[in-house]
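Here's a relaxed walk through one structure for someone meeting it for the first time. Have a look at the sequence and the model, then read on.

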Amino acid sequence: MLDGVRLQRGSTVVFDGLSLQLHEHRIGLIGDNGAGKSSLFRLLCALDRPQEGRIQAPAGPQAVGMMFQNPDDQIIFPTVEEELALSLQHLSLTRTQAQQHVREVLQARGLAHWAPRAIASLSQGQRQHVCWLALVLAPHRVLLLDEPFASLDLPGQALLKSEIDKAPQQVLVSTHVLAHVRHFERVIWLDQGRVRADGAGQEVCAAYEADVASRST
Ligand SMILES: Nc1ncnc2c1ncn2[C@@H]1O[C@H](COP(=O)(O)OP(=O)(O)OP(=O)(O)O)[C@@H](O)[C@H]1O
């Protein structure tokens, strides 16, 4: 929940009095470059604090997890196995148990050969997939995905879309690819830090598309 939030980043006022309730299971976030999508996510996972207003996120140290636009902003460890094991800390497993768990998760997805691989040897899209797996292994209740489809090939996009659809967590997705959020129960269109439209995915995506079309004529 955001109540009267003002956020300034550098000399730019990104939000000035933004209020939102965010309860739906699936929420899409769309809008032009610079509209404030990433800034909203940064506020929700407490990476930034507003100069004014209130933010009420789900309680708990790992309640909210974020997948960054650039996987290199998120990945810490040199290998896939170590990176994913980090997400299992809450289970208090031994190192061997955590390794075993990670290998099972990878194997279930046909990715067993990824376990010992160096992150540096993975493509950008593969790194993004590692970030997704790290997110779902952790005990987050809310997942914030900032342009998660950006580096993925078409099969990768289809896989992530089906994983998002199945995830039990609340998921917020920011994207420029409207097909990935059009079916969501709620989509918010941000325009220069303000809510331009907010409602069912079909309607809000259609309104945004119509606006973009009218601007290019
Ligand atoms: N680190 C920063 N310092 C200063 N201003 C910033 C910074 N990051 C973003 N901004 C500004 O904040 C505003 C919102 O940016 P934000 O990254 O939230 O937009 P966005 O909707 O996620 O854009 P995109 O679709 O390009 O990812 C923009 O005007 C941008 O120039």
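Helices (H or I, at least four residues) and strands (E, at least two) are DSSP runs here, numbered from the N terminus. With that in hand, A46 is easy to place: A46 sits in the loop between α1 (37-44) and β4 (52-55).

Before going further, a word on the model. It's a predicted model, where local features need pLDDT of at least 70, side-chain atom pairs count only at pLDDT 80 or more, and totals for chains, interfaces and linings use all residues. Residues are numbered from 1 along each chain as its sequence is written. The protein chain has a mean pLDDT (the predictor's confidence in each residue, from 0 to 100) of 92, and 100% of its residues reach 70 or more. For the complex, the predictor gives an ipTM of 0.97 and a pTM of 0.92.

Back to the loops. A46 and S92 each have a positive phi without being glycine. S92 belongs to the loop between α2 (80-86) and α3 (95-108). A residue is called exposed if 12 or fewer other C-beta atoms lie within 10 Å of its own, buried if 20 or more do, and partly exposed in between, with C-beta atoms placed from the backbone. A46 counts as exposed because it has 11 C-beta neighbours inside 10 Å, and S92 is exposed with 8 other C-beta atoms within 10 Å.

| Residue | Phi | C-beta atoms within 10 Å |
|---|---|---|
| A46 | near 65° | 11 neighbours |
| S92 | near 50° | 8 others |

Now for the sheet. Six strands form an open sheet with mixed pairing, in the order β5-β6-β7-β3-β8-β9; two strands pair if DSSP finds at least two bridges between them. Its edge strands, β5 (64-67) and β9 (194-199), each pair on one side only. Strands β3 (residues 26-30) and β8 (residues 186-191) run parallel, joined by 4 bridges. One residue to find in β8 is V187, the bridge partner of G28.

V187 also has contacts beyond four places in sequence, among them I30, V181 and V204; a contact means C-beta atoms, placed from the backbone, within 7 Å.

Finally, the core: a nonpolar core is a set of buried Ala, Val, Leu, Ile, Met, Phe, Trp, Tyr and Cys residues joined through C-beta atoms within 7 Å. The largest one has 51 residues, and L29, M67, L144 and V187 have the most contacts inside it. Helix α4 (residues 124-137) gives the most to this core, with 7 residues.

Technical notes:
Contact = placed C-beta atoms within 7 Å.
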